[in-house]
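Reader: I would like to know how the labels put on a model like this are justified. Can we go through some of them in turn?

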Amino acid sequence: MLYYLGDLLNWGPARLLQSYSVLIVIALYVGFFCVWKFLPKFYRFLPSDRGREFTLTAEAAKGKPTGSGVVFISMFVVLCFLLVPLTLPQYLILFLTWIMMLTGFLDDRSSKGWGEYLKAFLDLVVTVAAATVLAFIIKGYSPAGKIYFWLPFVTNPVPIPTWLYIIVGTVVLWASVNTTNCTDGVDGLSSTLVLFALIIMGLIFYLVLGHSEIASYLLFPGHENLDEAKSLIIYYFPHFTEGASWAVITFSLAGVLLGYLWHNAYPSKVLMGDAGSRALGFYIGICVMLSGNPFLILVTSTMIFVDGGLGLLKVALKRFFHINIFSNVRFPLHDHVKKNHGWSPAQVLIKFLTLQLLISIALLGIFLKIR
């Protein structure tokens, strides 16, 4: 690992390898270069897209190499092993991210595709396992062995029982996985929205939650005294004693995603498939639950939830409760605006990203300051 190599060499510039800001830059650029350079070499080994049922872009995507998530997610995991001084819980999270990718890839390469209920069950198994690992990550670093949420409009951190954290974590992870998967239908759309979310969470990990003075100023501990606040930050948010390493992991994923986006920009040459979209949605959920505020999913993924999540809600209500909502709206929403409003793929991408940017800035201001 580069981090330990810097310690071993203990010489001039080599010591920079122990700087997390330097590791973030290396992770971002190396991740981009590796995927940009080597992803096309795997095209011939990837399955061909079958075309999604009920989508406007089915014919345009049909026949393109898909499932490239197996390449860039695997590169992401290897990159983290090389750059980040990982702890055992971080190894487990990376392993579960790779497993989520693998379930998607096996579906991508299946000739008929897996059934909805099988995929939902596998998602549930992996998300419950991840939520349990996250709960023990936070409890393991807490001197009192407790879990706390910091919530909008509430000054002091709120204690959360382990069972409730696991339930909330499972819901957030499962929703993030499936809504991100549904959003993957316009060249560059899902990857760009996820990239934006990763940059937000990486900056929050490194500059906000992992920085004692800034966290104190934003009243995360709920105290004004800085010395006391520093100790309380460790008490309330012990997992962010390693916030910088989570930032390196997050920017590693952002880097490989940038490399994929280079080839997926309209008109795309390759698709991420379920292998990519499910793993990306999973990791966004991981970041949100690590932050200690599950409502940050709105900061990272509002447009993803609107685009794909409302469609899932519409189908679920109609199938299980015979309730019809949004009967005149086609989902995913990007199909509706393309068919009914004549938006081009570029317009869908730019306008959805613009809305997410406006929403994220507003919600960050509310969540961080109105407490």
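Author: Start with Phe32 and Trp36 in helix H2 (residues 20-38): they are 4 residues apart, so about one helical turn separates them. The model is a predicted one.

Reader: What makes Phe32 and Trp36 a stacked pair?

Author: Two values are needed, because a pair of aromatic rings is described by the distance of the centres and the angle of the planes. A search of the whole structure finds 9 aromatic pairs. In the pair of Phe32 and Trp36, the centres are 6.4 Å apart and the planes differ by 15°. Rings pair if their centres lie within 6.5 Å, and planes under 30 degrees apart count as stacked. Both conditions are met, so the pair is called stacked.

Reader: Why are Phe32 and Trp36 called partly exposed?

Author: Phe32 has a relative accessible area of 25%, and Trp36 has 33%. Buried means under 20% and exposed means over 50%, so values in between are called partly exposed.

Reader: Why is the pair of Phe33 and Trp36 called tilted?

Author: The ring centres of Phe33 and Trp36 are 5.8 Å apart, and the planes stand at 50°. Stacked needs under 30 degrees and edge-to-face needs over 60, so the rest is tilted. Phe33 and Trp36 are 3 residues apart in helix H2, again separated by about one helical turn. Phe33 is partly exposed, at 42% relative accessibility. Phe32, Phe33, Trp36 and Trp262 form one aromatic cluster.

Reader: How do you know whether Trp114 is buried or exposed?

Author: Trp114 is neither, because its relative accessible area is 25% and the limits are under 20% for buried and over 50% for exposed. The label is therefore partly exposed. Trp114 is found in the loop between helix H5 (88-109) and helix H6 (116-141). Leaving out residues up to four places away in sequence, Trp114 touches Thr103, Leu106, Asp107, Lys119 and Leu122. Between Trp114 and Thr103 the C-alpha to C-alpha distance is 9.8 Å, with their positions 11 residues apart in sequence.

Reader: What lines the second largest pocket, by class?

Author: The lining has 7 nonpolar residues, 1 polar residue and no charged residues. Among the lining residues are Leu124, Thr170, Trp174 and Phe305. Helix H7 (162-183) gives the most, with 5 residues. The space in this pocket is about 180 Å³.

Reader: How much of the chain counts as buried?

Author: Of its 371 residues, 53% count as buried.

Methods
Residues numbered from 1 in each chain as written. Predicted model: local features only at pLDDT ≥ 70, side-chain atom pairs only at ≥ 80, totals over all residues. Heavy atoms only, no water. 1 Å grid on protein atoms, 1.4 Å probe; cavity = no way out; pocket = protein on both sides within 12 Å on 5 of 7 lines; lining within 4 Å. Points joined across faces, edges and corners; volume = space filled by probe spheres on them. Helix = DSSP H or I, 4+ residues; strand = E, 2+ residues; numbered from the N terminus. Nonpolar A, V, L, I, M, F, W, Y, C, P; charged D, E, K, R; others polar. Buried < 20%, exposed > 50% of the residue type's maximum accessible area, 1.4 Å probe, protein only. Contact = heavy atoms within 4.5 Å. Phe/Tyr/Trp six-rings, centres within 6.5 Å; stacked < 30°, edge-to-face > 60°.
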